[in-house]
Each structure stands twice: as C-alpha cells, then as structure tokens.
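Me: Please take a close look at one part of this model, the metal site. Then show me how other parts of the chain are arranged.

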Amino acid sequence: MTFSVHGLPVARGIAIGRAVLVASSRVDVAHYFIESDQVAAEIDRVRMGRNAVVDEIQRLQQDMPKDAPHELTALLDVHLMLLEDETLTLGVKHWITDRLYNAEWALTTQLEIIARQFDEMEDEYLRERKADLEQVVERILRYMKGVASPVSPPSRAREAQRQQDLLLDDTVDVPLVLIAHDLSPADMLQFKQSVFAGFVTDVGGKTSHTAIVARSLDIPAVVGARNASQLVRQDDWVIIDGDAGVVIVDPSAIILAEYGFKQRQVQLERQRLTRLLHTPATTLDGQKVELLANIELPEDADEAVKAGAVGVGLFRSEFLFMGRKALPDEEEQYKAYRRAVEGMKGLPVTIRTVDVGADKPLEKGLKEDAHLNPALGLRAIRWSLADPAMFRTQLRAILRAAAHGPVNLLIPMLAHGSEIRQTLSLLDFARVELDNRGIPYGDLKVGAMIEIPAAALSVKMFLRYFDFLSIGTNDLIQYTLAIDRADESVAHLYDPLHPAVLMLLASTIAECRAQGKGVSVCGEMAGDVAMTRLLLGLGLRSFSMHPTQILAVKQEVLRADAVRLTTWSEEVLAADDPSLVLSLVRP
Ligand code: PEP
Ligand code: MG
C-alpha cells in the first residue's frame, strides 16, 4: 500500500529505487560492501559467532542448578530455538550473497526483518520474544567482534572501485536508496561516490553536517523524516523527492510514472545549466561576483574546478580527523592540504582549521564530548586552543601547503579578542618552528569565520586583526535563534530570514565593504538560489557553496541587477514580518 513520509528537503532532485535499511542496532556495526570472493568468509564468520553462542547457552544449561527456576531453562530453550531458526540463518546468507553486505550489516538487517514480524504477531507472548531475538543477535555480534574479519572495512578508493563495479554489473541494475535512523557525517562520507541514488534519515536538520555532506553528494536526500526507518521495509520501492522533502513508499504505477517524468525534467534542467560553465558570474549591471566551492576532502578540489569554481572558499579540514582512531600527523595533513592546493591549479584555497564537536564528533577517546550542550562546548577553535600542540601541528601543515599555491587560513567559531590573539600567536609560533627545522612554507591571508552573534556584533574588532571574514550562516542562525541546527523538532524555527539574522549579515557585509576587506558567505545560504538576490542586495560579492550549486547560483547572478537589488534589500531589512520578508525575497 502506498504511503508517504514527510521530512526536510536537503538535496534536490528525485530518486527512485529500492530501500536499503541501515539498521540502527543497539550494537554499533560497520556497514560496507564486500567483494564476491569474500562471501564465504563472511558467512563463516556469522556461523562461527552463532555456534559460539549456541555452545555458550548449552554450557549454561548443563551447569544449571537443579533448583533453577523453570522460566530460566525455558528462556535458554527459546534462545537456542531462535539460533536454529532458518529465517535468521538463510536471511543473513541472502544479504551477504546477493547484496554483498558485510556480515554485521547482514545480521542486523535480518534482525530488523524478523523483529518486524514479531511486532505484527497477535499473541503477546510471541510478540515479546523480539527482545530475546535482539539479545541473541547482539551476542553473536559480540562474538564476531572478537573474531577478526578477514575483510576489513574498505578504503575509500577500494569502496569507490567496488561500487563502480556494482554499477557496471547488470545483475544489480536497480538503484538503491539508503534509509537510516541517523548517519554521522563520517558515515555519510563513506558513501561518497556510492551506488546509493538517495538518502533518508529519521533525524537531522537542514544544515546538520550529515545533511551538508548529503548535499555535497548531489543526490536527492530527505532528513528529519521522523520514523521513516521504522515504516520503510528492506527492499520496498521508494521515491525520494528531495525538493519537497517527501518520501513515497511502495508507489503505484501512476505515481512512479509521474515521478519518472519529473526526474527527467530535473536532469534536463541540470544539463541546460552546463552552458553557463565558462560564463563569468557578472550581474546585469556589471558587478563581478566570486563563486567559490565548499569541499570536505582534498580530492573534492577536482570536482570544484570542473564545476567552474574560482577557488575553494571553505575546506572543512575536520573531515580529515573524523572516523579514525588516531589524529592525522603533520605529514599526513600537509599531503592532504597540498593535494587540495595542487588540485585547484593555482586558484586560491581557503583551509579552515579543525571544527569538531557538536554534530561532528571524533571517534571515542580522541576528544571528550559528553557534555550537555556540545554545540556550546569545546568545539572548533576552542578545542584547538585547548590543545595547542595539536593545533600547531595543523597550522604547520597548512603553512607548508601554502608553499604550493595560494592559501587562505580560516579560523572557526571565534568570539573573544583573547582567542584571536592566542590564535595569531600560535600561528607565529608555528612559523618559528618551521624556520627552526628549515622547512619551507608560504605566505597566507588569515581570516575569521563570523558565525557567533558576538563576533558579528564586534566585527570592527575582528577587522583589526584579520585580512578577510567569512560568514558561517549555518551556525550564525543556530546561535542567534537558539535553534539546534541538527534537531528536526525545531527545524521550523530555523529561519535564515529572521530579521535578527538579516541584520547581523547586513552589518557584517557593510563593515567589511566600508573597510575594503574581503567578505564571503560560506554557510548553506550561499548555495540557496532563493537567497542569491537578497545576498547580492546586501552587498555580498563572494559566495562559497557545494560545487553542485555553482551553476544554479550563477544563473541567478546573471539575471540580477545589483543596484536595484540594493534598494529592494533595504525594504526586506525594514520588514519585521517574516512572511512579508519571504514574499519580498521570493516575489
Ligand atoms: C557555518 O556554520 O555556516 C559553516 C559554514 O560552518 P559549518 O557548517 O561547518 O559549521
Ligand atoms: Mg560553522
């Protein structure tokens, strides 16, 4: 039966495919595809785990005291029965053999399917056996953890190759869409260049980092779809409408045809935009506009150049730190930054120092994140200043990369003059360290993110220290309105057009222009075509966004008259009714 689930639109376009559920098991398991010659070994690993649990239970039964309560022995019998059940074993085999899921992913997927069958049972006693099943599976997973996998999670390159193979394999020609309760930004990154045609998650806001990475993958995505991962079943046909934020499950033939048509329209529109690739971004009245790229990984630079970016306005360096057991050392970071600089072929690269914390956690043990309000805690520059050795390592690596091309250094989440001074003196210290070691490095411009209201309100102080500013609207909105950007339950209040947000944006841009300092916006607002005219009207001439958005924003720039927009944006700023502001922005 067809039904729909509503969430927040994150990445545009239509995806049609079969659902792949990434189960949100209580046990944290890895999800990756294996090679076909690894199938037998993965099945073996599950078998060994299962046999070990059977042995353990049988031992428990033998050692059971004579006067043990009857319920206990009955419970162990149930667990043994569940372990022998073919629905579990054959199901797991199917996911490994036919879908090439790794053993843990296959096991949790099958758990989900059987658990759902239990949920639908009329008999309360049988329904409650779901908890036993979960326990049994968790025990197997625990055993498997001890049994080293002959198949290690793939490197990004291998994964890309593997997925490329999958795409070319004509037995796997149905697009797959990923449905999960939640995906961390690091998980999401694993799926870069993946076979998945779309993503849906239960949680997350429009500018959560998971959503940002999903957008950079340029495939339709919906987040904050509440209980989608409970309602959608493995292999269901699903349509993801990334423009409307709607997920249609088990669609009828008519709906499928309608969305198939819409999908082709979107593709055509994208193709049409490519004609603008080599057109300079200039308004009708001759104002030059700089369209830059936001990247997460060094190799994204290639895509940025292809998309017509005139530089990288934001390289989120924290993605080099996430999803790994140890922090990257100076050499590794230097190579990564150098790769991005060389990839941009002489165009400038703005490297932001590490911004972890809040919804971009590091692996356990590298940084304590168990605070009540992590977004207000030891995040970004605060963490860097709390660990100066780690920070100087990063600064040295960036300075060294600057010897290979134009580099701007960008510091996230500054608010205090003392933080600014500390940062700049650590930068001086890093230069001295390189001098002492006789290692060459380059010049760089130093800029600050304006993403805390306090920073926007003290922009004059910032400009005394920095060469340029970059406005991070994602956090500026979050901190101005006290709305967690990753929380779908307050997503309706996350409003880029709130008069307070617009005022901070306008005054920051105006002050930079008055002082002749560079200013850009690198938050998601810069890539939103509905905001282009307003930002131009506020005087912005530098926009940094996902490479995939560049041509659509360029189209808006080419159609804009900057002088007329300046007068119009004053009206927008003067309006205090958000709905009026909205109608003024989108006349
Ligand atoms: C922002 O806050 O707008 C920004 C660009 O940084 P991030 O999204 O990585 O926090
Ligand atoms: Mg930010």
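Reply: Start with a word you will need. A residue counts as buried when its relative accessible area is under 20%. Keep in mind that this is a predicted model.

Now the metal site. The magnesium ion (ligand 2) has two protein donors, Glu-451 (OE) and Asp-475 (OD). They lie 2.0 to 2.1 Å from the ion. Where do Glu-451 and Asp-475 lie in the chain? Glu-451 is in the loop between strand E13 (444-450) and helix H17 (453-457). Asp-475 belongs to helix H19 (residues 473-481). The pair therefore ties together parts that are 24 residues apart in sequence. Glu-451 is buried, and Asp-475 is buried too.

Next, helix H9. This helix covers residues 209-217 and holds Arg-215. His-209 is found in H9 as well. His-209 has a relative accessible area of 2%, so it is buried. Asn-474 is 265 residues away from His-209 in sequence. In space, their C-alpha atoms are 9.7 Å apart. Setting aside neighbours within four places in sequence, His-209 is in contact with Pro-185, Arg-316, Asp-359, Lys-360, Arg-379 and Arg-485.

Arg-215 has 13% relative accessibility, so it counts as buried. Again leaving out neighbours within four places in sequence, its contacts include Val-10, Ala-11 and Lys-206. Glu-524, His-546 and Thr-548 are also among the contacts of Arg-215.

Now a helix pair. Helix H13 (residues 330-343) packs with helix H15 (residues 388-401) at an angle of about 35°. Their axes are 8 Å apart. The crossing of H13 past H15 is right-handed. On the H13 side, the residues that meet H15 include Tyr-334, Tyr-337, Arg-338 and Val-341. On the H15 side, they include Arg-396, Ala-397, Ile-398 and Ala-401. By class, this contact has 6 nonpolar, 3 polar and 5 charged residues.

Finally, step back to the whole chain. The protein chain has 24 helices and 16 strands. Its radius of gyration is 26 Å, close to the 25 Å that the globule rule gives for 587 residues. The chain is therefore as compact as a globular protein of that length. Along the principal axes, its C-alpha atoms fill a box of roughly 85 × 65 × 45 Å. Of the 587 residues, 54% are buried. Consider contacts between residues at least 6 apart in sequence: 71% of them join residues at least 24 apart.

Definitions and conventions. Residues are numbered from 1 along each chain as its sequence is written. Chains are lettered from A and ligands numbered from 1 in the order in which they are written. This is a predicted model: local features need pLDDT of at least 70, side-chain atom pairs count only at pLDDT 80 or more; totals for chains, interfaces and linings use all residues. Side-chain values use heavy atoms; hydrogens and water are left out. Donors are N, O and S atoms within 2.8 Å of the metal (3.2 Å for Na, K and Ca); water is not among the atoms, so sites may look incomplete. Helices (H or I, at least four residues) and strands (E, at least two) are DSSP runs, numbered from the N terminus. Buried means under 20% relative accessible area, exposed over 50%, partly exposed in between (1.4 Å probe, protein chains only). Axes are lines fitted to C-alpha atoms, for helices over the stretch in contact, and angles run from 0 to 180 degrees between N-to-C directions. A crossing is left-handed if the near helix is turned anticlockwise from the far one by less than a right angle, and right-handed if clockwise. Contact means heavy atoms within 4.5 Å. Ala, Val, Leu, Ile, Met, Phe, Trp, Tyr, Cys and Pro count as nonpolar, Asp, Glu, Lys and Arg as charged, and the others, Gly among them, as polar. The radius of gyration is taken over C-alpha atoms; the globule rule is 2.2 Å times the number of residues to the power 0.38.
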